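The following paragraphs guide a reader through a single protein model. Please keep the sequence and the structure in view while reading.

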Amino acid sequence: MKNIVPYSLKTIFTIGLVNILGVGYAQNPQQPYLGHRTVPILTVGKLKFKDLNKNGKLDAYEDWRLPINTRIQNLVSQMTLDEKAGMMLISTTRMAGDFAFEQGKPKGSITSGFNEEDLVQNINMFSRKPLPYPLLSASGTTKGVKEKHLRNFILRANTDAKTIAEWSNNLQALTEDTRLGIPAIVASNPRNHITRDNSVGLSVGATVFSKWPGELGLAAMRDLKLTRQFAEIAAQEWRAVGLRKGYQYMADLATEPRWQRIEGTFGEDADWAASMIFEVVQGFQGKKLNANSVALTTKHFPGGGPQVEGQDPHFDFGKDQHYPGGMFEYHLKPFIAAIKAGTSSMMPYYAKPIKTEFEEVGFAYSKAIITDLLRKKLGFQGIVNSDTGPIEMMPWGVEGLSILERYQKSLDAGVDLYSGSADPSLLIETVKKGLVSEKRIDESVSRILKERFELGLFENPYVDAEAAQKTVGNANFQKVADIALRKSIVVLKNEKVLPIKAKTKVYFETYLESGKNNPHYVYQSKSSADYAVEFVKTPEEADQVIVWLMPGTAGGLFGSTGAPIDLRLSKNLIDVEYVNKILKLGKSSTLCVNFTSPWVMEELAPSNALLATFGTTPEAILDIVLGKFKPSGKLPFSIPASSKAVLENLSDVPGFMKKGDYALYKSGDGLQALK
């Protein structure tokens with residue numbers, strides 16, 4: 001350890017000026033824990049610092065006593081253009097044994113090692129059309145870190161907590177062993193929700209993390225305190241394994257019932273969605289980013305819900321977004337709440353607005369949207385993170401521009417961090433050809449660095465793998481989540497058949513068509529002491545039938561073809577004739593429907609009771625229908641009365657504001673007791 005601390009004259013002047021202004025070193029600075037593997041440790045008096053650039057002296061960016069802006073300025077001044085460009089990309093990273101995006105590869109065991117293979121795409125993964133040139137969507141890990149200077153990664157692998165934590169530590173050790181020792185930051189899509197569509201880029205699906213309702217279910221609870229608890233618990237789990245950034249949550253509104261990303265929203269009510277977003281941001285991040293935070297990326301500014309005919313802008317046929325009801329400002333409300341809560345990043349969507357005051361280009365290319373509206377008017381100062389692939393795959397409205405010109409236009413609009421590519425060469429070329437100044441690059445790099453300084457990653461990016469295994473998905477966390485699973489259930493109708501009386505013969509079927517297994521799962525209690533009813537194997541021998549439908553679109557969002565979107569159950573993996581046969585047996589009937597979209601139920605025979613779920617468990621439903629848990633959920637969106645109502649709806653107007661007989665049930669509906 002070296003007891004030496006020479007600063008440059010420029011840095012000494014900066015430190016001196018900082019101290020004169022009264023915002024310099026604390027009187028009694030508290031030594032933080034320094035997590036390290038190979039870098040030397042410098043000693044200054046009784047204090048210790050990491051010599052991240054291995055030059056034998058304490059640089060300002062290594063000095064945890066200094067204000068973050070001083071540290072950023074010093075670090076940026078030492079970075080090459082290549083290092084800055086690498087810092088401005090965030091791409092998929094893969095663990096050893098993880099073959100994400102590679103069809104036909106055997107599914108082996110995922111380990112804590114690195115996947116060292118480049119993943120090059122020749123086909124647009126969304127449109128399934130040839131790309132104009134090969135796209136490096138994931139770099140071999142060591143090459144990506146050491147040669148391409150990548151430091152932002154999206155982890156999509158789904159494995160156990162200890163393995164993820166060990167891999168995270170290996171990645172941080174790799175970044176530590178570079179010229180400047182800048183730590184990595186690893187992001188993920190949601191990992192804590194029971195979801196129907198687990199497509200890559202939407203949700204990781206069933207994991208070892210605590211299991212909560214889907215986002216719609218959290219909104220249906222109408223419990224902000226429990227929502228905050230969810231976020232705080234999830235943040236502990238994420239932090240334990242080294243995940244320090246969430247590509248979440250969606251502040252978009254579910255105003256267009258056909259849009260196939262509604263499952264990830266907090267519903268159609270902008271005011272309630274704003275309250276939810278505020279709680280989840282502060283729950284994950286705290287009142288401001290710190291060493292215990294998970295930084296969030298709120299998406300998709302300025303609101304990705306009002307798509308023309310519900311088609312999604314991942315595809316050319318869904319690139320247009322409109323506001324036929326004139327409610328653009330309404331869709332901003334949850335984003336304003338996210339900014340107030342301090343969200344670290346904001347992600348613009350692919351869509352291009354039509355028939356508005358704004359230029360008809362994808363939002364990542366719109367200076368009026370990002371700089372004028374988001375930054376200047378709404379005051380957002382964090383990172384603007386593009387969605388995956390607007391430069392290479394979804395350049396809506398700027399298809400005629402070259403790749404370099406797309407970088408130029410999007411940088412001028414205000415984008416800081418580009419998702420989807422692991423190749424910084426074209427961004428570097430954009431600067432070298434004079435299309436963008438290096439000063440503009442420095443602005444984005446400074447914002448990106450600020451996040452990881454605030455997260456404390458320069459001091460300690462490492463985690464305890466053994467502790468991670470004990471933290472993630474532990475029984476105490478799941479106990480709280482189990483309450484949420486029950487509170488998320490909405491009772492919409494009860495013709496005096498609930499609660500179900502003791503000794504009743506009950507047939508309880510979950511209907512889930514996945515294309516892999518028998519879609520009919522008949523519930524059988526593991527112990528006769530679990531419930532005071534008798535579960536039977538056929539509906540004919542029952543006194544009370546419960547059918548839980550799990551509709552879904554074939555292939556999920558990314559199986560879209562551009563065909564008109566039909567929300568009738570018969571068009572969404574439900575055999576309506578089969579269900580109606582059960583409902584018409586003359587038994588007392590309870591129908592449960594899992595609403596990942598506002599399904600149209602006009603084809604179904606009437607039932608005596610109707611429940612709406614948004615990602616829960618059979619046990620949670622049974623606790624409601626048997627009267628063991630008092631219902632409290634309320635609908636997060638309106639359920640259309642008919643297919644005709646869907647076709648005639650105004651995409652930007654929430655269902656509870658739509659005129660006429662649009663809604664069968666409105667958002668906010670829900671019985672609060674079983675009578």
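Does arginine 222 count as buried, partly exposed or exposed, and at what relative accessibility? The model is a predicted one, and in it arginine 222 counts as partly exposed, since its relative accessibility is 30%. The residue sits in the loop that leads from helix 6 (215-221) to helix 7 (224-241). Its phi is positive, about 55°, although arginine 222 is not a glycine. As a general background, most residues other than glycine have a negative phi, and most peptide bonds are trans.

Further backbone features of this kind can be found elsewhere in the chain. Lysine 496 also has a positive phi, near 60°, and is a residue other than glycine. It belongs to the loop between strand 15 (490-494) and strand 16. With a relative accessible area of 75%, lysine 496 is exposed. The peptide bonds supply two cases as well. The bond from glutamine 248 to tyrosine 249 is cis, its omega being near 5°, and tyrosine 249 lies in the loop between strand 8 and helix 8 (270-285). The bond from phenylalanine 301 to proline 302 is likewise cis, with omega near 0°; proline 302 is found in the loop between strand 9 and strand 10 (320-321).

The discussion now turns to the barrel. Eight strands close into it, following the order 3-6-7-8-9-11-13-14, and their pairing is parallel. Strand 3 (residues 89-93) and strand 14 (residues 417-419) run parallel and are joined by two bridges. Within this pair, isoleucine 90 of the one strand faces serine 419 in strand 14. Helix 10 (residues 367-377) packs on the sheet, where it touches strand 9 (295-301), strand 11 (345-348) and strand 13 (383-388). The direction of helix 10 makes about 140° with that of strand 13. Helix 13 (residues 438-454) packs on the sheet too, and the strands it touches include strand 6 (152-155), strand 7 (185-188) and strand 8 (245-246). Between the directions of helix 13 and strand 13 the angle is about 100°.

A further group of paired strands involves strand 16 (residues 505-511), in which six of the seven residues are buried. Strand 16 pairs with strand 18 (residues 534-535) in the parallel sense over two bridges, and there lysine 505 has glutamate 534 as its bridge partner. With strand 19 (residues 544-549), strand 16 also runs parallel, and six bridges join the two; tyrosine 507 stands opposite valine 545 of strand 19. The pairing with strand 17 (residues 520-522) is antiparallel and comprises three bridges. In that pairing, tyrosine 511 is matched with histidine 520.

One loop residue deserves a description of its surroundings. Histidine 149 lies in the loop between helix 4 (141-146) and strand 6. Its relative accessible area is 18%, and because buried means under 20%, histidine 149 counts as buried. A polar atom of its side chain lies 3.4 Å from the backbone oxygen of glutamate 147. Apart from its neighbours within four places in sequence, histidine 149 is in contact with Asp82, Glu83, Gly86, Met87 and Gly144.

Charged side chains form the last topic. In general, side chains of opposite charge can pair when their charged atoms come close. The model contains 28 salt bridges. One of them joins lysine 143 and aspartate 118, at 3.1 Å from N to O. Lysine 143 lies in helix 4 and aspartate 118 in the loop between strand 3 and strand 4 (119-123), so this pair ties together parts that are 25 residues apart in sequence. Lysine 143 counts as partly exposed, at 32% relative accessibility, and so does aspartate 118, at 29%.

Arginine 440 forms a salt bridge with aspartate 416, with the closest N and O atoms 3.9 Å apart. This pair links distant parts of the chain, 24 residues apart: arginine 440 is in helix 13, while aspartate 416 is in the loop between helix 11 (403-413) and strand 14. Both arginine 440 and aspartate 416 are buried. A salt bridge also connects arginine 568 with aspartate 566, at 2.7 Å from N to O. Arginine 568 is partly exposed at 27% relative accessibility, and aspartate 566 is partly exposed at 24%. Finally, salt bridges with shared partners join Arg375, Asp416, Arg440 and Arg447 into one network.

Conventions
Residues numbered from 1 in each chain as written. Predicted model: local features only at pLDDT ≥ 70, side-chain atom pairs only at ≥ 80, totals over all residues. Heavy atoms only, no water. Pairing = 2+ DSSP bridges. Helix = DSSP H or I, 4+ residues; strand = E, 2+ residues; numbered from the N terminus. Contact = heavy atoms within 4.5 Å. Axes fitted to C-alpha atoms, helices over the stretch in contact; angles between N-to-C directions. Buried < 20%, exposed > 50% of the residue type's maximum accessible area, 1.4 Å probe, protein only. Polar contact = N/O pair within 3.5 Å; in protein donor to acceptor, adjacent residues only side chain to side chain. Salt bridge = Lys/Arg side-chain N within 4 Å of Asp/Glu carboxyl O.
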